[in-house]
Amino acid sequence: METELLADLIVAGKKVVVFTGAGISTESGIPDFRSPGGIWSKYDPDEFTIQKFLSSSEARRKQWKMLTKSSLTTEAKPNLAHYAIAELNSLGKLDCVVTQNVDNLHQEAGVPHDKVLELHGNMRWVVCLTCRRRFPMKEVLQMIEQGTEIPDCPNCHGILKPDAVFFGEALPEETLVDATIRSQNCDLFIVIGSSLVVYPAAYMPMYAKDAGAKLAIINLTPTALDRYAAVVITRKAGETMSKVMESVRKKIPLSR
Ligand code: APR
């Protein structure tokens with residue numbers, strides 16, 4: 001049974017990196033991007049390039065309008081899969097979480113902030129492109145609810161942008177380097193809920209594999225990297241990770 005095999009790999013592991021995508025948050029009510037009914041079946045990704053956002057105030061008005069209606073800014077709650085990863089951390093097994101998600105749910109589930117490497121930023125914050133001040137997304141959404149169509153920086157009236165990485169925008173350099181190094185130095189790399197089609201994030205599993213780590217993939221649909229994985233589980237993340245951790249708890253000697 002694959003969950004037993006993954007549990008054995010976790011028990012044997014000393015430095016586990018968990019790599020997550022939107023699929024880990026669908027059970028929290030946030031749709032993913034590429035499943036049927038996902039975000040890119042409702043919105044055109046070309047509307048979300050940084051070039052478009054900066055091109056005109058009309059483009060910014062449209063994007064803020066979509067953001068306030070989309071699930072990307074709703075306050076969802078962590079699910080069983082997020083809590084299972086937090087338990088990995090309390091067992092002293094977790095080196096870090098490398099996530100493509102911007103929903104802050106790993107931190108909410110109890111993974112320490114310094115162990116969550118957000119390759120695509122965090123939608124709970126908004127940044128001013130002029131003075132670089134950051135504001136909680138909640139505050140900016142209130143400005144929009146009170147009638148502001150294109151929020152500008154309360155400090156310097158510069159352009160405000162959600163602190164998530166837009167298409168065409170560089171990923172946070174330090175985070176990307178850190179994630180790369182940790183992927184190359186772990187002994188087990190677990191992918192949860194990602195189609196592994198967006199780069200450079202999707203390089204991480206192969207960095208780990210090429211450096212000698214075991215690769216495990218939990219994803220409802222097949223990925224291009226399944227053939228490199230020691231374990232592939234095509235079932236839901238929440239139930240799978242709960243079963244895996246139940247088995248890990250039974251296997252870890254009580255003396256630990
Ligand atoms: N359990 C396990 N897997 C799931 C679940 C679930 N409950 N729900 C969905 N999945 C799987 C889907 O089968 C899909 O393969 O999660 C994967 C999510 O893939 P994508 O929607 O492509 O999301 P992701 O891989 O995170 O996309 C990467 O693309 O658009 C950009 O910036 C965006 O960070 C995002 C990046």
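## Tyr-83 on helix H5

With 42% relative accessibility, Tyr-83 counts as partly exposed, since that class covers values between the 20% limit for buried and the 50% limit for exposed. This is a predicted model, so please read every value here as computed from predicted coordinates. Tyr-83 sits in helix H5, which covers residues 80-90.

Which residues does Tyr-83 touch, leaving aside those up to four places away in sequence? They are Pro-78 and Ala-109. The second of these is 26 residues from Tyr-83 along the chain, and the C-alpha atoms of Tyr-83 and Ala-109 are separated by 5.4 Å.

## Two domains

The domain assignment splits the chain into domain 1 (1-30 + 77-120 + 171-256) and domain 2 (31-73 + 123-164). Taken over C-alpha atoms, the centres of domain 1 and domain 2 are 28 Å apart. Where the two meet, 14 residues of domain 1 are in contact with ten residues of domain 2.

## The largest pocket

If you are looking for a place to start with the pockets, here is the largest one. Its volume is about 1,000 Å³. The lining of the largest pocket consists of 48 residues, and those nearest the centre are Ala-22, Phe-33, Arg-34, Trp-40 and Asn-101. By residue class, the lining of the largest pocket holds 26 nonpolar, 15 polar and seven charged residues.

Helix H2 (39-42) and helix H4 (57-69) each contribute at least two residues to this lining. Why does the largest pocket lie between domain 1 and domain 2? Because both domain 1 (1-30 + 77-120 + 171-256) and domain 2 (31-73 + 123-164) give residues to its lining.

## The second largest pocket

The second largest pocket holds about 220 Å³ of space. Its lining is made of 13 residues, with Gln-107, Glu-118, Gly-121, Asn-122 and Arg-134 lying nearest the centre. Strand E3 (116-118) and strand E4 (121-128) are the elements that give two or more residues to the lining of the second largest pocket.

In terms of chemistry, the lining of the second largest pocket divides into four nonpolar, six polar and three charged residues. Domain 1 and domain 2 each supply at least three residues to the lining of this second largest pocket.

## Thr-20 in strand E1

Now to a residue in a strand. Thr-20 belongs to strand E1, residues 16-20. Is Thr-20 buried or exposed? Thr-20 counts as buried because its relative accessibility is 0%.

The side chain of Thr-20 makes a polar contact of 2.8 Å with the side chain of His-106. Beyond residues up to four places away in sequence, Thr-20 touches Ile-85, Val-97, Val-98, Thr-99, Gln-100, Asn-101, His-106 and Ile-192. One name in that list also turns up elsewhere: Asn-101 is touched by Thr-20 and is one of the residues nearest the centre of the largest pocket.

## Gln-146 in a loop

The last stop is a loop residue. Gln-146 lies in the loop between helix H7 (137-145) and strand E6 (160-164). Gln-146 counts as exposed because its relative accessibility is 66%, and exposed means over 50%.

How many Å apart are Gln-146 and Leu-80, C-alpha to C-alpha? The separation between Gln-146 and Leu-80 is 36 Å in space, with their positions 66 residues apart in sequence numbering.

Definitions and conventions: Residues are numbered from 1 along each chain as its sequence is written. This is a predicted model: local features need pLDDT of at least 70, side-chain atom pairs count only at pLDDT 80 or more; totals for chains, interfaces and linings use all residues. Side-chain values use heavy atoms; hydrogens and water are left out. Helices (H or I, at least four residues) and strands (E, at least two) are DSSP runs, numbered from the N terminus. Buried means under 20% relative accessible area, exposed over 50%, partly exposed in between (1.4 Å probe, protein chains only). A polar contact is a pair of N or O atoms within 3.5 Å; within protein, one must be able to donate a hydrogen and the other to accept it, and residues adjacent in sequence count only if both atoms are side-chain atoms. Contact means heavy atoms within 4.5 Å. On a 1 Å grid over the protein atoms alone, a cavity is a set of points where a 1.4 Å probe fits but cannot get out, and a pocket is an open set with protein on both sides within 12 Å along at least five of seven lines; lining residues have an atom within 4 Å of a point. Grid points are joined across faces, edges and corners, and a volume is the space filled by probe spheres set on the points. Ala, Val, Leu, Ile, Met, Phe, Trp, Tyr, Cys and Pro count as nonpolar, Asp, Glu, Lys and Arg as charged, and the others, Gly among them, as polar. Domain bounds come from an automatic or database domain assignment.
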